[in-house]
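The following paragraphs lead the reader through one protein chain, from a single strand pair outward to the whole. Please keep the sequence and the structure in view while reading.

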Amino acid sequence: MLKVSELTKKYGEMTAVSSLSFTAERGKIYGLIGPNGAGKSTSIRMIMSILQPDSGTIEFEGKAFSEQDRNKIGYLPEERGLYKKQKLNEVLLYLAALKGCPASLAQKEIDRWLERFELTEWKNKKIDTLSKGMSQKAQFIGTVVHNPDILFLDEPFSGLDPVSADELLSYVRELRTQGKLILFSTHVMEQAEKVCDHIIMLNHGKKILDKGLSELRTEFGGNTVNIQLADSEESSEELSRRLSEISGIEKVIIDGSEFSLTLKKGTDVSNIFDSLAGKFRVNRFATKEQSLHSIFINLAQKKEGLS
């Protein structure tokens with residue numbers, strides 16, 4: 001288990017990360033998400049001891065994180081960096097050696113991963129002959145070749161086509177089943193929804209959410225209803241006004257021939273259906289789960305007093 005407590009990092013008057021605390025367990029993928037500049041990469045680099053925090057503590061398996069623990073980490077940085085004039089196999093062996101992995105063991109792992117990514121024929125070619133997608137796959141191999149306990153993946157799908165992204169995702173999920181502790185950092189909320197078991201959401205360096213994805217679905221799901229009404233002589237604006245008067249409806253948005261109804265917290269969807277049926281002819285009624293993006297926007301606005 002990784003435990004982060006009150007982690008803070010400042011640059012002059014600017015606070016990049018403020019009192020960040022969370023725990024992460026093996027066998028799960030944790031999404032550290034938020035917009036660019038939220039403090040995601042800074043947090044990861046502090047945990048890895050690349051940056052020293054101004055305050056706070058980091059523990060791994062119940063002990064203070066030490067220099068020796070760094071070899072248990074695999075880190076895929078957002079800024080890709082491989083030695084372009086060196087051969088692929090040589091670079092991967094070098095990265096494994098930096099993590100204390102013997103060359104004989106590393107070579108077996110390199111060959112296995114190159115075959116899985118269909119990069120074997122590029123093994124002895126220079127990095128600068130690889131495509132962007134190939135380089136990304138090579139960087140991932142360098143991240144996992146020493147069989148780390150913890151994986152930090154910073155925007156891992158950047159530069160990959162959809163097929164390659166799905167391929168990489170399948171390998172990340174495989175590593176999860178092996179009991180790896182995986183921290184996935186991204187500003188793309190749709191990716192986090194697809195990848196993660198647990199969401200840690202940051203905004204302006206502060207944690208604004210720390211919940212399992214299934215728990216999020218329960219708490220925030222189903223608070224939006226999309227409806228289509230039968231043809232009416234009333235205008236869309238007049239229908240919207242009447243809909244907004246129904247108890248439990250917080251906001252009405254006209255969406256073409258349909259209406260999107262945001263419900264007040266705690267409102268029973270079945271009660272809304274009953275109320276609509278008594279006042280309108282409803283052709284279609286469907287609940288809609290909030291996306292992580294909309295959840296983030298709502299939470300960020302509340303924290304900043306905008307709603």
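Which residue of β13 is the bridge partner of I249? It is L263. The model in which this pair is found is a predicted one, where local features need pLDDT of at least 70 and side-chain atom pairs count only at pLDDT 80 or more, while totals for chains, interfaces and linings use all residues. Residues are numbered from 1 along each chain as its sequence is written, and side-chain values use heavy atoms, with hydrogens and water left out.

The pair I249 and L263 belongs to β12 and β13. Strand β13 covers residues 258–263, and six bridges join it to β12 in the antiparallel sense. Two strands count as paired if DSSP finds at least two bridges between them; helices (H or I, at least four residues) and strands (E, at least two) are DSSP runs numbered from the N terminus. Strands of a sheet pair through backbone hydrogen bonds, either parallel or antiparallel.

β12 and β13 are part of an open antiparallel sheet of four strands, whose order is β12-β13-β11-β14. Because β12 (249–255) and β14 (282–288) stand at the edges with a single partner strand each, one side of each has no neighbour in the sheet. From one strand to the next, the twist averages 20°.

Two helices lie across this sheet. Helix α8 (residues 236–244) lies across β11 (224–229), β12 and β13, at about 165° to β12. Helix α9 (residues 269–279) lies across β11, β12, β13 and β14, and runs at about 165° to β14. For such angles, axes are lines fitted to C-alpha atoms, for helices over the stretch in contact, and the angles run from 0 to 180 degrees between N-to-C directions.

The loop between α9 and β14 holds R281. This residue is exposed, with a relative accessible area of 59%; exposed means over 50%, buried under 20%, and partly exposed in between (1.4 Å probe, protein chains only). Apart from neighbours within four places in sequence, R281 is in contact (heavy atoms within 4.5 Å) with Q228, L229, A230 and D231.

Elsewhere, a parallel arrangement can be followed around strand β7 (residues 150–154), whose five residues are buried. I150, F152 and D154 lie on one side of β7, with L151 and L153 on the other, and both faces are covered. In a regular strand the side chains alternate between the two faces of the sheet. β7 pairs in the parallel sense with strand β6 (residues 73–76) over four bridges, and Y75 stands opposite F152. Five bridges also join β7 to strand β8 (residues 181–186), again running parallel; there L181 is the bridge partner of I150.

Helix α1 (residues 40–47) is largely enclosed by the rest of the structure, because seven of its eight residues are buried. They are K40, S41, T42, S43, I44, M46 and I47. After α1 comes S49, whose phi is positive, near 70°.

As for the chain in full, there are ten helices and 14 strands. Its C-alpha atoms fill a box of roughly 75 × 45 × 35 Å, taken along the principal axes. Of the 307 residues, 45% are buried. Among contacts with a separation of 6 or more, 67% are between residues 24 or more positions apart.
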